Structures are given as C-alpha cells and as structure tokens.
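Please look over the notes below with the sequence and the model side by side. They are arranged as points that can be checked one at a time.

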Amino acid sequence: MLTGFNNNITYKDKVYHIQTEDGGIKNPVITTLLYYKGAVIASKKTDYTDLLGKEGHKKTIREMMERQHKIMIKALLTGKFDTHTSSGRSDTGATTNNPPKKKPIRKSLDDVLLDYISEGEDK
C-alpha cells in the first residue's frame with residue numbers, strides 16, 4: 001500500500017478536500033474522493049490488478065495516483081462540480097432572490113461515475 005495524497009483546495013471561496021489513496025495488494029484500486037463540507041461530491045476509482053507483480057509496478061501505481069489526483073483538482077478548478085455545491089447563492093456570496101427551480105435529475109452513483117469517467121476520456 002502506497003501513501004496517498006490529501007489537499008485542501010480553495011475555489012470560489014469554498015474549501016474542498018481531495019484525497020487519493022491506494023487500496024493495496026488485497027484491494028488493488030486507486031480511489032480519489034472530492035469532499036465539500038464533509039460530503040463526498042465526486043469520486044473516481046481505477047483498478048490496477050493487471051500491474052501486480054510486474055517490474056516497476058509501484059512506480060507506475062504512484063504515477064497513476066498522482067495523475068488521478070491532479071485530474072480531480074483540475075476538474076474542480078474548471079468548474080465541473082459547481083452545481084454540486086450551489087446553495088441558492090451567487091458566486092459573490094450574495095443570496096439570489098429567485099433561484100431557478102429545476103426538476104432534479106435522478107441518477108445512480110454508477111451513472112454519475114460513468115458520466116465522469118467518459119467525460120475525462122474525451123479530454
């Protein structure tokens with residue numbers, strides 16, 4: 001199991017926490033979580049079973065962890081998760097008089113993750 005990464009990132013006057021960790025040999029998955037106020041608003045998992053036992057696998061896994069962590073930071077800083085943390089407030093912090101009413105779109109976590117992964121592959 002490799003040591004992971006943890007960062008607090010301030011974006012639009014809000015503090016987010018991004019955590020990337022390695023599950024180790026018994027759970028060969030790299031997991032990155034994006035938190036806002038203690039709630040997970042995004043996650044990404046990458047299985048690396050195919051790398052186990054190969055020469056230099058620890059270095060490769062470390063590079064994958066760094067890349068995945070940076071991708072989540074970039075997604076945050078480019079506004080990908082802005083709708084996940086809106087609370088009827090404008091970006092300046094002023095409360096809006098009539099926030100738009102939208103019918104919530106119901107998606108499973110698997111659908112949300114699949115959308116996220118698919119969008120990342122296009123870039």
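**Notes on the predicted model**

1. Asp-13 is found in the loop between strand 1 and strand 2, where helices (H or I, at least four residues) and strands (E, at least two) are DSSP runs numbered from the N terminus. This is a predicted model, in which local features need pLDDT of at least 70, side-chain atom pairs count only at pLDDT 80 or more, and totals for chains, interfaces and linings use all residues. Residues are numbered from 1 along each chain as its sequence is written, and side-chain values use heavy atoms, with hydrogens and water left out.

2. Asp-13 has a positive phi of about 60 degrees although it is not a glycine, and at 73% relative accessibility it counts as exposed. Lys-12, which lies in the loop between strand 1 and strand 2, also has a positive phi, of about 50 degrees, without being a glycine. Lys-12 is partly exposed, with a relative accessible area of 36%; here buried means under 20% relative accessible area, exposed over 50%, and partly exposed in between (1.4 Å probe, protein chains only).

3. How are the four strands ordered in the sheet? They form an open sheet in the order 1-2-3-4 with antiparallel pairing, two strands being paired if DSSP finds at least two bridges between them. Strand 1 and strand 4 stand at the edges, each with a single partner strand, so one side of each has no neighbour in the sheet. From one strand to the next, the twist averages 15 degrees.

4. Strand 2 and strand 3 pair in the antiparallel sense over seven bridges, and the bridge partner of Ile-18 in strand 3 is Leu-34. Helix 1 packs on the sheet, touching strand 1, strand 2, strand 3 and strand 4, and its direction makes about 15 degrees with that of strand 1. (Axes are lines fitted to C-alpha atoms, for helices over the stretch in contact, and angles run from 0 to 180 degrees between N-to-C directions; contact means heavy atoms within 4.5 Å.)

5. The largest nonpolar core has 13 residues, and those with the most contacts inside it are Tyr-16, Ile-18, Leu-34, Ile-41, Met-72, Leu-76 and Phe-81. Strand 1 (5-11), strand 2 (14-22), strand 3 (29-36), strand 4 (39-47) and helix 1 (57-77) each supply at least two residues of this core, and the largest share, four residues, comes from helix 1. Apart from it lies another core, of six residues, among them Ile-30, Tyr-48, Leu-51 and Met-65. (Such a core is a set of buried Ala, Val, Leu, Ile, Met, Phe, Trp, Tyr and Cys residues joined through side-chain atoms within 4.5 Å.)

6. The buried residues of helix 1 include Ile-61, Met-64, Met-65, Gln-68 and His-69. Gly-79, whose phi is positive, near 90 degrees, follows helix 1.

7. A search of the whole structure finds two aromatic pairs. Tyr-11 and Tyr-16 form a tilted pair, 6.4 Å centre to centre with 50 degrees between the planes, and both are buried. Tyr-16 and Tyr-36 form a tilted pair, 5.0 Å centre to centre with 35 degrees between the planes, which links Tyr-16 in strand 2 to Tyr-36 in strand 3, 20 residues apart. (Rings of Phe, Tyr and Trp, with its six-membered ring, pair if their centres lie within 6.5 Å; planes under 30 degrees apart count as stacked, over 60 as edge-to-face and the rest as tilted.)
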